[in-house]
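Colleague: Could you take me through the inside of this one? I have some short questions about the packing.

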Amino acid sequence: MTVFHNAPAPVADPIFGVVERFKNDTNPKKVNLVTGVYSDNTGAVPLMKSVKQAGEIIAQNANAHTYQAITGNSAYNSAVQKLILGDDFVAANSDRLITVQALGGTGALKLGADLLKRLATKPTKILISNPSWENHQAIFEKAGFEVGTYSYYSPALKGIDFDAMLADLKAASEGTIIILHACCHNPTGYDLSNDQWQQVIEVIKTNNLMPYLDMAYQGFDKGLAKDGAIIRRFAEEGLSFLVASSFSKSMGLYGQRVGALSLVCQDGDETKRVKSLTSNVIRTNYSNPPIHGAALAELVLTNPDLNKLWQDELAEMRDRIKDMRQQLVQGLNDRQVHGVDHIARQTGMFSYSGFSAEVMTRLQQDFAIYGLESGRMCVAALNSNNITYICDAIATTVKG
Ligand code: LMR
């Protein structure tokens, strides 16, 4: 027997494991509301025109596939930095900023986690929201941190229990790393108000906590600039923090793994040392990141025509999702399923529907409608062809 024999029993991933079951389902009416993937009204995951055109430009100017820098595509990194921190802040603080290309938002989160682990001088706790994205806890635990939660969603309130959240943050000891969803909270779709964010910032300052912002859905709530405003607020408040960002959703570059880790440090000397350590974390994990996806994103971000086209396409996606939320609520109300208005108030790709694990399981078993047991459904996959079937199925299941 070898060491392989010690492998534990297979465990399905809480999100992609359900996708596998969906793929194997032979029901022709099956619907995938599992992952945060946008489909258009025909049910297809679109290749965005802006991204397609960027690909054509790249194909016409084909280069050899040599190594990129360890920190990735510098033009891409600089465009990402401006997108999330704003041109003015970047211009005035460039010696305090680091942005490195990462393997999607997940890769950015892990890179930041490994970096923080290397920097920690004492056992440090990470707090994630309760609930949070399925993978947060696992990523930070595997990076060697003890992971706890702060209060966030209250089923009774069908919204955020902000008093409880603030109390938990106030109770966190100095140096605790706080994972915050910058917008379009996954899975609940409930974001803090401006005033609530300000109170969170005050606690972070008072308790000397380390914020780590997860920005996977910029552009899906109010638009790129407005959704990014919270990150700029953290920066303008003089805080040091990390941001994991991604173009999986906003450019439909899921499989290209195009993300970034950005860090705001206190001064130029600190920035140089942190950047060197970040490079070392990358080098000792995967050496240097892949070329193609970041080159696509670089062009979409920096070519004015492509950028305009991208922003228009993103607005169309955002508006379509909002419209489908309304149609879902209306469709359910028409079938005498009430108490679902919150679905239209949530933001981003998901609805935390409030349906029980039993309802979600029956939707899978009886109708081949796949969501998560937590009640999370990807409303970005609803369309005019499947909405009637879904509303009928939910009404039958909830009432049955
Ligand atoms: C999701 O939450 O469905 C997406 O972010 C995909 C993933 O990686 O889990």
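Modeller: Here are some notes on cavities, cores and one residue, bearing in mind that this is a predicted model.

Colleague: How many cavities of 30 Å³ or more does a search of the whole structure find?

Modeller: The search finds three of them, and the largest has a volume of about 60 Å³.

Colleague: What lines that largest cavity?

Modeller: Its lining is made up of Leu83, Ile84, Met215, Gln218, Leu224, Ser245, Ser246, Phe247 and Ser250, with helix 3 (74-85) and strand 9 (241-246) each supplying at least two residues. By type, the lining residues divide into five nonpolar, four polar and no charged.

Colleague: Switching to the largest nonpolar core, which residues touch the most other members?

Modeller: Those are Phe247 and Leu328, in a core of 98 residues, to which helix 12 (residues 304-334) gives the most, namely nine residues. There is also a second, separate core of 36 residues, which includes Ala108, Trp133, Ile139 and Phe145.

Colleague: And what does Leu328 touch, leaving out residues up to four places away in sequence?

Modeller: Leu328 touches Ile343, Met377, Val379, Leu382, Ile387, Ile390, Cys391 and Ile394.

Colleague: What about Val34, is it buried or exposed?

Modeller: Val34 counts as buried because its relative accessible area is 0%, although its place is in the loop between strand 1 (31-32) and helix 2 (49-60). Setting aside residues up to four places away in sequence, its contacts include Ile15, Val18, Phe350 and Tyr370.

Colleague: How far apart are Val34 and Cys378 in space?

Modeller: They are 6.0 Å apart, C-alpha to C-alpha, while being 344 residues apart in sequence.

Technical notes
Residues are numbered from 1 along each chain as its sequence is written. This is a predicted model: local features need pLDDT of at least 70, side-chain atom pairs count only at pLDDT 80 or more; totals for chains, interfaces and linings use all residues. Side-chain values use heavy atoms; hydrogens and water are left out. On a 1 Å grid over the protein atoms alone, a cavity is a set of points where a 1.4 Å probe fits but cannot get out, and a pocket is an open set with protein on both sides within 12 Å along at least five of seven lines; lining residues have an atom within 4 Å of a point. Grid points are joined across faces, edges and corners, and a volume is the space filled by probe spheres set on the points. Helices (H or I, at least four residues) and strands (E, at least two) are DSSP runs, numbered from the N terminus. Ala, Val, Leu, Ile, Met, Phe, Trp, Tyr, Cys and Pro count as nonpolar, Asp, Glu, Lys and Arg as charged, and the others, Gly among them, as polar. A nonpolar core is a set of buried Ala, Val, Leu, Ile, Met, Phe, Trp, Tyr and Cys residues joined through side-chain atoms within 4.5 Å. Buried means under 20% relative accessible area, exposed over 50%, partly exposed in between (1.4 Å probe, protein chains only). Contact means heavy atoms within 4.5 Å.
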